[in-house]
Amino acid sequence: MSRRAKPLLQDDSVAKSKPARPRDPAQPHLPFDPMPDRIEPCLALSKKAPPKGPDWVFELKWDGYRLAIHIEPKGVRIITRGGYDWTDRFPAIAEAARRLGVGTAILDGEAVVLDKEGRSDFGALQRSLGGRGGKRSSAESVFFAFDLLYFDGHDLTGTELSVRRHLLEDFLDGATGAIQLSEEVYGDGTELLANACAMGLEGIIAKHRDQPYRSGRTGDWLKIKCVQSESFMIVGYEQSTVARSGVGSLLLAARKGHDWVYVGSVGTGFNAKDAEQLRSMLDKLKTKRAAVPLKGKNLVFAQPTLIAEIEFRGWTHDGSLRHASYKGLREVQDNAAVFNIDDKPSA
């Protein structure tokens, strides 16, 4: 039996997704639009606080891999954010898509692995795929769909979110298993965020209900996190004679324009097996020239190639991560953007 996501609020003070409404049989038949091979995803802009006002709707923030499911007459394709075909990596999701019984559709959403509490767990998703560079398929992943970009031969990207959500809710009404609806929640954003954080969830996403689907980080979608989590480049490691596989901590860098800037190190969140794998990969990338200005006799520098997802609690006055914890490596195909210092969340 598939695990369901833990609801954001357990009482009735905040409504979940509205019940599906039947389509209007009098709707005129519109001309068919060509189905795009790929649509660049709409990305959420980081903010410290939720927006206010009736123009915004909220959802959970999922901690997984952003995917697009293309359902076509010739079959199903599952495309990563970077444009790679990962259909074979998510066989249960692909099979669930085939059973949806629609001729053409493009679903935008996130593949996650849920823990026992129904929360998305990025590390568990990585392990289910065999780690970075692994070839394992994930049988336990669940795809939470939060947008419908193409349906029944019609391009929906030019329509407002409220219309796309209405069609998506109708399409996935009651769906359980490997494909589920990412439910909207209604209420005050500040209250929703507080409840999400109290339940140990990743955070919330705010979306402007009247905007079309626009690729890139336009500000139509906002992410407000309980605990900050971003992608940073590993530029080396600190050797240790007592730590796991000789890796005391990983040296991290963020982007600043076209340069790298050091943002501190992380020494927690990885076990002995992770450390052994990390050292093996980093030793193959050894370089005498550090990507960032650092000195130390126990430091091993590596070419900036491996991207790590790091959870942290904020920034120190000198620009380092506070209470950082390693979550896992990002896949090249995921097209994860390394954090840019200029993109620190604004109010």
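**Exercise 1. Determine what share of the contacts in the protein chain between residues at least 6 apart in sequence join residues at least 24 apart.**

Solution. Contact means heavy atoms within 4.5 Å. Among contacts between residues at least 6 apart in sequence, 71% join residues at least 24 apart. The model is a predicted one, in which local features need pLDDT of at least 70, side-chain atom pairs count only at pLDDT 80 or more, and totals for chains, interfaces and linings use all residues. Residues are numbered from 1 along each chain as its sequence is written, and side-chain values use heavy atoms, with hydrogens and water left out.

**Exercise 2. State how many helices and strands the protein chain has, and what percentage of its residues is buried.**

Solution. The chain has five helices and 17 strands; these are DSSP runs numbered from the N terminus (helices H or I, at least four residues; strands E, at least two). Of the 347 residues, 51% are buried, where buried means under 20% relative accessible area, exposed over 50%, and partly exposed in between (1.4 Å probe, protein chains only).

**Exercise 3. Describe the open sheet of five strands and identify its edges.**

Solution. Step one is the order, 1-11-10-2-9, with mixed pairing; two strands pair if DSSP finds at least two bridges between them. Step two concerns the edges: strand 1 (45–46) and strand 9 (184–185) each have a single partner strand, so one side of each lacks a neighbour in the sheet. Step three takes one pairing: strand 1 and strand 11 (residues 221–225) run in the parallel sense over two bridges, and Leu45 has Leu222 in strand 11 as its bridge partner. Step four adds helix 4 (residues 189–198), which lies across strand 2 (56–60), strand 9, strand 10 (203–208) and strand 11, at about 155 degrees to strand 10. Such angles run from 0 to 180 degrees between N-to-C directions, the axes being lines fitted to C-alpha atoms, for helices over the stretch in contact.

**Exercise 4. Classify the aromatic pair of Phe232 and Phe312, then extend the analysis to Trp315.**

Solution. The whole structure holds 13 aromatic pairs. Rings of Phe, Tyr and Trp (its six-membered ring) pair if their centres lie within 6.5 Å; planes under 30 degrees apart count as stacked, over 60 as edge-to-face and the rest as tilted. Phe232 and Phe312 lie 5.9 Å centre to centre with 70 degrees between the planes, an edge-to-face pair. The two residues are 80 apart, Phe232 in strand 12 (residues 228–239) and Phe312 in strand 16 (residues 307–312). Phe232 counts as buried because its relative accessibility is 0%, and Phe312 likewise has 0% and counts as buried. For Phe312 and Trp315, the centres are 5.4 Å apart and the planes at 75 degrees, so this pair is also edge-to-face. Trp315 is buried too.

**Exercise 5. Find the pairing sense of strand 16 and strand 17.**

Solution. The two strands pair in the antiparallel sense over four bridges, and Glu311 has Ser325 in strand 17 as its bridge partner. Four of the five residues in strand 17 (residues 325–329) are buried.

**Exercise 6. Identify the residues that touch the most other members of the largest nonpolar core.**

Solution. A nonpolar core is a set of buried Ala, Val, Leu, Ile, Met, Phe, Trp, Tyr and Cys residues joined through side-chain atoms within 4.5 Å. The largest has 33 residues, and Ile69, Phe90, Ile93 and Leu148 touch the most other members. Apart from it lies another core, of 29 residues, including Phe58 and Val185.
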